[in-house]
Amino acid sequence: MSNIEKLAREYQSTWVGLRDAHSRYQTTMERLEQYRGSRGYEADANKAKETYDNAVDGIHYAQGPKLRAILKSMEATIPPKKMDVPSEEAVRLLQALSMREHLDADEVALATETLKDSPTAMKSLAEIALRAGTALPSGYKSWEDQKRDALDELTEAVNGLLAWRGQSADEISEAYFRARSPYLEGGNAPSHAFTQAEVARYDMDGACIYDTIKQMLGHASYDAAIRLD
């Protein structure tokens with residue numbers, strides 16, 4: 001099983017567990033509401049909250065290490081930044097391009113696809129393209145940098161999930177802005193509030209595991225993420 005598949009399965013399992021725990025808590029509190037103000041209500045409400053908190057903590061305790069271990073495995077697939085040695089094929093292509101007085105955008109794009117696995121070759125290509133009156137495709141990043149970006153987004157998604165306690169996106173946003181606003185009572189803003197809000201919007205109950213990954217990635221390259229293996 002690939003790292004992407006492992007992460008998606010564990011992420012989905014964690015989300016469902018947290019959502020169900022919160023749903024049970026809400027149901028209990030709604031049932032208790034009719035007894036508000038009566039003797040024993042406060043004790044029952046506190047017990048329900050304690051049961052819910054213990055359930056969430058248990059899920060975090062069980063799932064957090066699994067999720068972080070997968071992220072660690074993904075990180076291990078990204079080599080440390082260093083000067084790589086381009087292949088002979090890459091060197092020949094760069095030599096041929098360097099002899100050209102002009103390169104058009106399509107030629108540079110094709111060369112980028114051929115050389116993108118070598119950061120050193122890509123730097124040389126950027127210089128050659130500049131001298132020939134053009135540039136690398138807009139927004140270009142090497143595969144290694146794309147993989148780092150994808151890992152960063154996946155890590156933030158996991159952090160947001162592990163900070164989420166079943167609230168709706170609106171509840172998270174309200175708590176965040178209430179804590180940040182000087183005109184309201186203030187407080188501690190929820191950690192990873194924006195990714196928590198995204199988590200709350202997911203519908204992962206039975207969703208395809210790869211769709212779950214794509215939801216987590218946002219604008220990062222899915223092609224780069226599946227290379228974290």
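User: How many helices and strands does the protein chain have?
Analyst: The protein chain has 10 helices and 0 strands. Helices are DSSP runs of H or I, at least four residues, strands are E runs of at least two, and both are numbered from the N terminus. This is a predicted model: local features need pLDDT of at least 70, side-chain atom pairs count only at pLDDT 80 or more, and totals for chains, interfaces and linings use all residues. Residues are numbered from 1 along each chain as its sequence is written, and side-chain values use heavy atoms, with hydrogens and water left out.

User: Is the protein chain spread out or a compact globule?
Analyst: Its radius of gyration is 25 Å, well over the 17 Å from the globule rule for 229 residues, so the protein chain is more spread out than a compact globule. The radius is taken over C-alpha atoms, and the rule is 2.2 Å times the number of residues to the power 0.38. The C-alpha trace spans about 90 × 45 × 30 Å along its principal axes.

User: What share of the residues is buried?
Analyst: 38% of the 229 residues count as buried, meaning under 20% relative accessible area with a 1.4 Å probe, protein chains only.

User: New topic. Which element gives the most to the lining of the largest pocket?
Analyst: α5 does, with 4 residues.

User: And what classes of residue are in that lining?
Analyst: The lining has 6 nonpolar, 2 polar and 9 charged residues. Ala, Val, Leu, Ile, Met, Phe, Trp, Tyr, Cys and Pro count as nonpolar, Asp, Glu, Lys and Arg as charged, and the others, Gly among them, as polar. Lining residues have an atom within 4 Å of a pocket point; a pocket is an open set of points on a 1 Å grid over the protein atoms alone, where a 1.4 Å probe fits, with protein on both sides within 12 Å along at least five of seven lines.

How values were computed: Buried < 20%, exposed > 50% of the residue type's maximum accessible area, 1.4 Å probe, protein only.
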